[in-house]
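Grab a pencil and get comfortable with the viewer. Below are some exercises, each with a solution worked out in steps.

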Amino acid sequence: MPDTTANSSRNNKIQLREVFIKFALHWKWFLVSLAISITFAFLYLKFATYEYQVSSIILINDEGNDGGSSSEISTFADLGLFEGPKISLDTEIGILKSKTLIESVVKELQLNVTFYTKSGFSFKEVYQKEKPFNVNLVVDDLKINELDTIFSINATSTTKYNLLDIDGNQLGEGSFGEVIPCEFGSLVATPAAIDSVIAGDEITIRIRPIEDVSIDLTKRIEVVPDNLNSNLIVLKLQDPLKSKAKDILDNLVINYNKDAIEYKRRIAQNTDEFVSNRIDDISVELKSLDQGVQSYKTKNNLSNLDSEASLAIASNVDLGNRIVEITSQIKLIDYVMEYMKSNTEDLIPANLGLLNENDGQNTINYNNLILERNRLSTSANKENPVILNLNNQIENLRESIDRSLLNTRTSLKISLDDAKLQEIKLNSKISSNPKQVREIRDIQRQQETYETLYLYLLQKREENSISLAVTAPNAKIVDKAYGSRDPVAPRKMIVLLASIMLGVIMPVSLITIRSLFNNKINTPEEIEDILQTSTIGCIPPLTSKNEFIAFNKGQSNVAESFRLLRTNVNYLLLNHTKDSTISQKKVYESTVETGEVSSMEKIMFDSYFDTVKSENKGFVGGQRSFKEAKIIMISSTIRKEGKTFVALNLGTSLALLNKKVLFIEADLRNPAVSTYLKKKKQKGLTQFLTDRSLGLSDVIMHDQETDLDILGAGSVPSNPAELLANERFTELLIQSKQCYDYIIVDTSALNIATDTLLLSHYADLFIYVLRANFLSEKLLHIPRKMYDNKRLPNMVFLMNGTDYTKTGYDSTYSFGQSEGNNKSWIKRMLG
C-alpha cells in the first residue's frame with residue numbers, strides 16, 4: 001500500500017521549492033526593491049523629526065481615606081474638616097484631560113504661537129532660549145485666540161529686520177524693539193541676547209487658534225493610572241522638544257491643583273457666608289431674650305429665681321437638655337430650608353452638624369454637581385446634553401434634600417412634643433413652685449437654645465476659616481516631568497525592519513499579481529500538466545536581433561538547444577520503420593472510411609504508397625536498404641509562434657551533419673522565408689503546383705548561409721487548400737525523398753486553416769511548436785485534441801522562447817538534460 005503521507009510531504013516540498021524558485025528567479029527585483037526601500041528608510045531617518053517621551057507621576061489625595069489626607073492638614077482631622085466622598089481616579093483622569101484645563105495651559109504657555117528655524121531642507125521648532133529673537137504680539141485677546149497665520153522675521157543687519165509672509169513677500173521692515181504694524185495687529189521683535197543677531201538670521205512664526213491647539217494637545221497627552229492598587233497617575237507626552245513637553249506637563253498639574261483648591265475654597269466661602277448670616281440673626285434673638293428676662297424679673301420682683309429654678313429643675317436636667325438639642329436641630333433645619341427656598345442656584349452650606357448623616361452627604365453631592373455644571377457651562381451652552389443631564393440630577397437631589405429635611409424636622413417635632421409632654425408630667429408634680437418659676441424657665445430655655453446654636457455656629461465659622469487658610473491640593477507631585485534620553489519615535493530598528501519587509505513584500509506582490517493575470521503558457525511543466533505529455537525540447541529566446549543561429553560560432557544556448565533537438569529528432573526518426581508507414585496508411589484509410597478526406601486525396605495517398613512499395617528493395621535487419629528522406633512537418637496553433645524560425649534552424653543544424661536537407665514552405669497563406677533570408681521572392685511552391693511545365697530545379701534554390709535547398713511559397717494564391725490537395729504535391733514529395741536525407745515542411749497554423757491536416761499524413765515526424773509567454777492557455781485545447789485523437793502522426797511538442805532565467809531550467813543543457821540521457825522520455829513518447 002503506497003505511503004500517502006510520504007507522497008503528500010514530497011509534493012508539498014516540491015510545491016514549496018517551485019514557489020521559492022519562482023521568486024528566486026526574480027532576485028534582481030528583490031535586490032532593487034530592498035535597495036530603494038532601505039534608501040528611503042535612511043533618508044527618512046536622516047530628515048525625520050525625532051520625538052522624546054516625557055513623563056510625570058502625581059499622587060491623587062484620597063480624602064475619603066484615612067491615609068489619603070496630607071500631613072499639613074492632619075491636625076484638623078478631629079474637627080471633621082475636608083469630609084467628602086472618595087475620589088475616583090477615572091474622574092480625576094477625565095479632569096486632567098479636559099479641554100478646559102488644557103486650554104488654560106495653552107494660554108499660560110502661549111503654545112498657540114510656535115517658532116521655527118530652517119534646518120537643511122526642513123524647519124525645526126525652537127523653544128524658549130533657543131529662539132534667536134523674542135517676538136511680542138500686540139493683538140486683541142479675542143482676535144489672537146482665533147488667529148491662524150504664518151510669517152517670518154529676517155534679520156537684515158544687527159539692528160534691522162524684514163517681516164515676510166509665507167511666500168517670502170515683504171510685509172514690512174523695522175528695527176529691533178520698534179513696534180511694527182501688520183495685518184493682524186502689531187508686533188515687537190527683540191534679540192534673544194545683546195550682540196547675538198547676525199545678518200541673515202531668520203525665524204518663522206506660526207499662530208494657530210487656541211481651540212485647535214488645545215484639541216490637538218488633548219489627543220497627544222496620555223493620562224493613565226500607574227496600577228489598580230494605588231492612587232498614582234502617570235502623565236505622558238511625546239514631543240520633539242523635551243523642555244516644552246516638561247513645561248506642559250508641569251503646568252498641567254499646577255493648573256489642576258489650582259482648580260481643585262479653587263473648588264474647595266468656593267465651598268468654604270459659601271459656607272462662611274451662610275454661617276455669618278445665621279450668627280447675626282441669632283445674636284439679635286439672644287439680645288431680645290436677655291431683655292425679656294430682665295423685664296420679667298423687674299416686673300415680678302424676682303431676686304433668687306435662679307436658686308429656686310435650679311431646685312425645681314434638678315430632677316429634670318436631662319429632659320431639658322434633650323428638649324434644647326431637639327429644638328436647635330429644628331431651628332437649624334428651618335434655616336437651611338429657608339436658605340434653599342431663597343437661593344435655588346447657589347451651593348447649600350455643608351458640615352452644619354445635622355444629626356441625619358444622609359442630609360450631610362446629599363448636601364456634599366449637591367454642591368459637587370452645582371460646581372461641575374458651572375465649570376462646564378463656561379465651554380458649553382444650556383442646551384448641551386451634559387448640562388441638561390446635570391440639571392436633572394441637581395433638581396432631583398434638591399427635592400431629595402428638601403424631603404429629607406422635612407422628614408427629619410417632622411421626626412424631631414414628634415420627639416420634641418413627647419419630651420414636653422414628659423416635662424409637663426414632671427412639672428405637675430412640682431405643685432409648690434410658683435408660676436413665675438415656670439414662666440421664667442420658658443424664657444431661659446429659649447435663651448439657652450439660641451445661645452447653644454450661637455456658640456455652635458461660631459465654632460463652625462472658625463473651623464471654616466481654618467479650612468480656607470490651609471486648603472490642600474488634590475495632587476501631590478511624586479516625579480516632576482522628565483524626558484527620555486533617547487528618542488522614542490521614529491524607532492530606527494522598526495523603520496529599518498519595516499523597510500526590509502516592504503522591500504520583500506512589494507516584489508512578491510507584483511510577481512503574484514503578474515502571475516494571476518498571466519494567462520500565457522510559460523514553462524514546459526504547464527504543457528506537460530495540460531497535454532499530459534513531454535516536450536521534445538525547449539528553444540530559448542534570441543539574445544540578438546538575428547533570426548538565425550550561427551552554429552559554427554560559439555556555444556550559445558540557442559545553438560545548443562537546436563543541437564539537442566536535432567539529436568532527439570534523429571532518435572525518433574530512427575525508430576520510424578516501414579511498420580510506421582503501414583500504420584500511417586491504416587490510419588489514413590480509416591479517415592477515408594469516415595469521410596474526412598476527399599476522393600482526390602485518397603487517389604494521391606494510394607499513388608504515394610504504390611510508388612514507395614515499388615521502389616523498396618526489402619529490409620535488412622529491420623532497417624530500410626534504400627535511401628529515402630524523412631519528412632518532418634512543423635506547425636503551431638497561431639501565427640508568430642516561431643515555427644518557420646524553428647524549421648529553418650533545425651534544417652541548418654541537420655545540414656551541418658553533411659546531410660542534404662530540403663526546406664518546403666507549405667504555409668501559402670503567410671509565407672515568411674523570404675523575409676527571414678532577406679531574399680527577393682522567386683518562383684516557388686504555388687507556381688510548381690499550378691504550372692506542370694516547371695520542374696523542381698526551376699523552383700528550388702540553394703542558400704549558402706544555411707546550406708539548405710529551399711522551396712519557397714512563391715506568390716500567395718487565392719485557393720491554398722485546393723493547391724496543397726493537388727497531386728503535384730505528392731509528386732513533389734516522391735521525387736524529393738529520393739534526393740534528400742531530410743525534408744522539412746513548414747505548414748500553416750492550425751487555428752487559421754485546415755491546410756496542415758491535408759498534408760499531415762505525409763509526415764514521418766510532426767513537430768508542434770508552442771511559444772512561451774505568447775500562446776494563451778485557452779488555445780491549448782487545439783493541440784490536445786490533435787494529440788488525443790492522433791490526428792497528427794508521430795506528434796511531438798517543442799517549446800519556443802523559453803527563458804531559462806525565469807523558469808529554473810539549466811541553460812547548459814537547454815531544458816535540463818544532456819544529449820545522452822534523453823532516451824527515457826523519448827521512449828515514453830513513443831509508448
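**Exercise 1. Is Thr149 buried or exposed? Then find what surrounds Thr149.**

Before you start, keep in mind that this is a predicted model.

Step 1. Locate the residue: Thr149 sits in strand β5, which covers residues 149-155.

Step 2. Check the surface value. Thr149 has a relative accessible area of 13%, and the cut-off for buried is under 20%. So Thr149 counts as buried, because 13% falls under that cut-off.

Step 3. List the contacts. Leaving out residues up to four places away in sequence, Thr149 touches Glu183, Phe184, Ile205, Arg206 and Ile207.

Step 4. Look at a residue from further along the chain. Arg208 is 59 residues away from Thr149 in sequence, yet their C-alpha atoms are separated by 6.8 Å.

**Exercise 2. In what order do the strands of the four-stranded open sheet lie, and which strands stand at its edges?**

Step 1. Read across the sheet: the order is β11-β12-β1-β13, with antiparallel pairing.

Step 2. Find the edges. β11 (222-225) and β13 (475-483) each have a single partner strand, so each has one side without a neighbour in the sheet.

Step 3. Add the twist, which averages 20 degrees from one strand to the next.

Step 4. Zoom in on one pair. β11 and β12 (residues 232-239) run antiparallel and are joined by four bridges. Here Val223 is placed opposite Leu235 in β12.

Step 5. Bring in the helices. Helix α3 (residues 89-96) lies across β1 (52-60), β11 and β12, and runs at about 170 degrees to β11. Helix α6 (residues 210-220) also packs on the sheet, where α6 touches β11 and β12. The direction of α6 makes about 120 degrees with that of β12.

**Exercise 3. Work out the order and the edges of the three-stranded open sheet.**

Step 1. Write down the order: β4-β9-β8, again with antiparallel pairing.

Step 2. Pick out the edges. These are β4 (133-138) and β8 (179-182); each has a single partner strand, so one side of each has no neighbour in the sheet.

Step 3. Note the twist: on average 30 degrees from one strand to the next.

Step 4. Check the pairing of β8 with β9 (residues 185-191), which rests on four bridges. In this pair, Val179 is opposite Val188 in β9.

**Exercise 4. Which strands pair with β2? Describe the β6-β7 hairpin too.**

Step 1. Take one partner of β2 (residues 113-119). β10 (residues 202-207) pairs with β2 in the antiparallel sense over four bridges, and Thr114 has Arg206 as its bridge partner in β10.

Step 2. Take another partner. β3 (residues 122-126) pairs with β2 over five bridges, also in the antiparallel sense. Tyr116 has Glu125 as its bridge partner in β3.

Step 3. Move on to β6 (residues 160-165) and β7 (residues 170-175), which run antiparallel and are joined by five bridges. Lys160 is opposite Ser175 in β7.

Step 4. Look at the turn. Four residues lie between the two strands of this hairpin, and Gly168 in the turn has a positive phi of about 90 degrees.

**Exercise 5. Which residues are buried in helix α4?**

Step 1. Find the helix at residues 99-109 and mark the buried ones: Leu101, Ile102, Glu103, Val105 and Val106.

Step 2. Use a bit of helix geometry: an α-helix has 3.6 residues a turn, so residues three or four places apart point the same way.

Step 3. See what follows α4: Gln110, with a positive phi near 55 degrees.

**Exercise 6. Which residues touch the most other members of the largest nonpolar core?**

Step 1. Pick them from the 46 residues of this core: Ile664, Leu685, Phe729, Ile743, Tyr768 and Leu770.

Step 2. Zoom in on one of them. Among the residues that Ile743 touches are Ala629, Ile631, Leu662, Ile664 and Leu733.

Step 3. Look for another core apart from this one. It has 37 residues, including Leu286, Val336, Met340 and Leu371.

**Exercise 7. How many disulfides does the structure hold?**

Step 1. The count is zero.

Step 2. Compare two cysteines anyway. Cys538 is buried, with a relative accessible area of 1%, while Cys739 is partly exposed at 38%.

Conventions: Residues are numbered from 1 along each chain as its sequence is written. This is a predicted model: local features need pLDDT of at least 70, side-chain atom pairs count only at pLDDT 80 or more; totals for chains, interfaces and linings use all residues. Side-chain values use heavy atoms; hydrogens and water are left out. Two strands pair if DSSP finds at least two bridges between them. Axes are lines fitted to C-alpha atoms, for helices over the stretch in contact, and angles run from 0 to 180 degrees between N-to-C directions. Contact means heavy atoms within 4.5 Å. Buried means under 20% relative accessible area, exposed over 50%, partly exposed in between (1.4 Å probe, protein chains only). A disulfide is a pair of cysteine sulfur atoms within 2.5 Å. A nonpolar core is a set of buried Ala, Val, Leu, Ile, Met, Phe, Trp, Tyr and Cys residues joined through side-chain atoms within 4.5 Å.
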